[in-house]
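These are my notes from a session spent looking up how the interior of this protein is put together. I began with the nonpolar packing and then turned to the strands.

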Amino acid sequence: MSTSTRAVTAVALLIGFYLLALGILVGLIALDVALYQASGEFRPGLLKLWALSAAVGYPVARVVFLTRRRKGDGELPGVLLTRERQPELWAMVDRISERTGVRGPAEIRLVPEVNAGVMEETRLLGLIPGKRHLVIGAPLLIGLSEGELESVLAHEFGHYSNRDVKLAAVTVAGRRAVLHTVGGLHHRADRHQAQESAKLAAKAEKRLAKGRKPSDEQAGGGVDRALAGIFTGYAKLYFRVSEAVGRRQEYAADRVAAQLAGRDATAAALRRIPALDAAQNFYLNRYATIGWDAGLLPPPGQVYGGLHHLLSDPERRAELAEHALDLPEQEPDPYDSHPPIHLRVAAIEALPDDGRGPGAAGPALALLREAERALAELEVASLIPEASGKQRVDWPELVRASMLSRAREAGTPARQALAGLGLPPTAHGLLDGIDAGRAWEFTDRLPKSEQAAAATGRAAREFARPMLREELAHAAVVALAEAGLAGWELSWAGPAELRLPDGFADGFDAALDAACGDTPDTAPLRALLAGAGLAADVPAV
């Protein structure tokens with residue numbers, strides 16, 4: 001089947017998506033009328049049947065026919081970037097729109113994902129076009145050059161240019177609309193199932209309170225789940241038919257990007273985006289949210305904007321460059337309209353050299369005026385409500401306080417064990433316990449592996465000795481950090497680095513070994529702590 005034939009077939013199936021929903025509604029109405037006519041008169045039992053028909057028909061009408069209506073801008077993601085505030089970015093978008101011959105967006109929004117796309121308020125599952133919204137991911141502005149960003153945006157407009165496959169734009173919009181519709185049905189089913197689960201749990205508690213065995217009844221998704229299954233099956237058929245159109249359209253959109261922004265800039269952008277996505281995930285998990293549990297966040301604008309620091313580090317930059325060059329070879333997903341990235345890159349790099357090189361090399365973030373302010377507004381728009389209660393601190397303090405908080409948390413079992421022995425929960429309290437011959441009482445109160453818990457005699461001591469040494473070292477480090485004598489320093493090239501007082505590390509291992517030996521001697525470690533300036537009553541909390 002040719003791609004054009006597939007496009008026509010896909011549009012026909014798209015119309016069939018509506019006809020399926022309409023058929024269900026018409027069938028329900030016809031059944032209700034037939035039952036009424038067969039009864040010859042109104043009977044109370046008909047109300048139950050009509051109620052069942054309404055329970056089936058309402059979600060179909062609500063989700064399939066009304067799902068594309070927007071209530072307002074509040075449903076759109078991200079931060080609005082107006083022409084007045086961001087003329088340079090709008091100038092690029094207008095230029096791309098004009099050169100592709102595509103109707104431009106009514107608005108541009110900044111979003112936190114590594115993504116760009118044109119969202120259209122279509123009707124009839126994408127068959128009738130509407131207002132367009134361009135979304136641009138902040139990581140793209142931070143991690144791409146102007147030339148690469150121009151290529152990415154040209155690709156998105158290329159989806160609507162129809163230069164390669166007529167009806168492809170309708171097919172693309174239709175895929176998004178079908179996904180949204182099926183997702184809406186599954187969302188309703190999940191919500192119904194959650195409500196039923198709560199009711200069953202309440203019933204089970206009542207039965208247990210009366211000494212009766214709870215029912216084995218399980219919550220399901222009800223009618224919504226059945227409808228979701230029907231429409232999901234139809235959607236899979238539509239995706240399989242439209243997949244070839246979607247993939248050809250991706251290649252066509254890549255060629256549009258290469259024509260506008262240049263071959264090299266387009267290939268570089270395609271290579272960089274997977275690496276940028278990995279960097280964004282790593283940054284958010286390891287840096288931006290490092291202090292979340294401690295009630296801390298980076299300065300305003302840096303939750304997302306701090307990615308720039310990571311990308312600017314020479315070691316990280318080299319890793320990303322290697323990642324971009326070594327693209328994984330993936331098998332195509334039969335339901336994915338995007339070809340594997342390595343095939344898209346190969347297709348672009350196979351084009352003749354156009355002599356334009358990588359394009360504008362300046363950072364794309366320079367297109368934003370008051371970028372830090374825009375990124376701060378994005379945090380307000382996209383972070384969960386709990387973020388507003390977090391304290392904002394600079395990066396060095398964020399890392400120091402976060403790592404100290406984690407160290408305190410890790411020392412909780414040891415502090416509880418010391419308290420259970422009537423000893424102060426401090427580094428010196430543990431040293432006093434060792435001097436009093438209570439070291440093994442202390443380790444007995446710590447969490448153990450099954451093998452360590454089963455050991456006795458000398459074997460038990462050998463299991464316990466590393467635990468004692470580890471907890472003693474941990475208590476000493478936290479005590480030094482609490483006193484401001486040690487701490488963790490920010491490193492964009494790797495994990496936070498622990499900095500101990502000058503010369504402390506030279507004798508630390510030997511002092512720990514002495515304190516944890518068969519004949520313990522705590523004097524070396526006490527002297528080391530005192531020499532670093534730690535008073536004996538500073539708690540290791």
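Entry one. I looked up the largest nonpolar core and found that it has 56 residues, with Leu110, Leu149 and Leu153 making the most contacts inside it. Helix α8, residues 263-288, supplies the largest share of this core, namely six residues. I keep in mind that this is a predicted model. There is also a second, separate core of 41 residues, and Leu421, Leu430, Leu472 and Phe504 are among its members.

Entry two. Which residues is leucine 110 in contact with, leaving aside its neighbours within four places in sequence? I listed Gly78, Val79, Leu81, Ile136, Gly137, Ala138, Leu141, Ala374, Leu375 and Leu378.

Entry three. Since Ile136 and Gly137 appear among those contacts of leucine 110, I turned to strand β4, residues 132-137, where six of the six residues are buried. I checked the two faces separately: Arg132, Leu134 and Ile136 are buried on one side, and His133, Val135 and Gly137 are buried on the other. In a regular strand the side chains alternate between the two faces of the sheet.

Entry four. I then asked which strands pair with β4. Strand β2, residues 107-111, runs parallel to β4 and is joined to it by five bridges; within this pairing, arginine 109 has valine 135 as its bridge partner. Strand β3, residues 116-120, is likewise joined to β4 by five bridges, but here the two strands run antiparallel, and glutamate 120 has arginine 132 as its bridge partner.

Technical notes: Residues are numbered from 1 along each chain as its sequence is written. This is a predicted model: local features need pLDDT of at least 70, side-chain atom pairs count only at pLDDT 80 or more; totals for chains, interfaces and linings use all residues. Side-chain values use heavy atoms; hydrogens and water are left out. Buried means under 20% relative accessible area, exposed over 50%, partly exposed in between (1.4 Å probe, protein chains only). Helices (H or I, at least four residues) and strands (E, at least two) are DSSP runs, numbered from the N terminus. Two strands pair if DSSP finds at least two bridges between them. A nonpolar core is a set of buried Ala, Val, Leu, Ile, Met, Phe, Trp, Tyr and Cys residues joined through side-chain atoms within 4.5 Å. Contact means heavy atoms within 4.5 Å.
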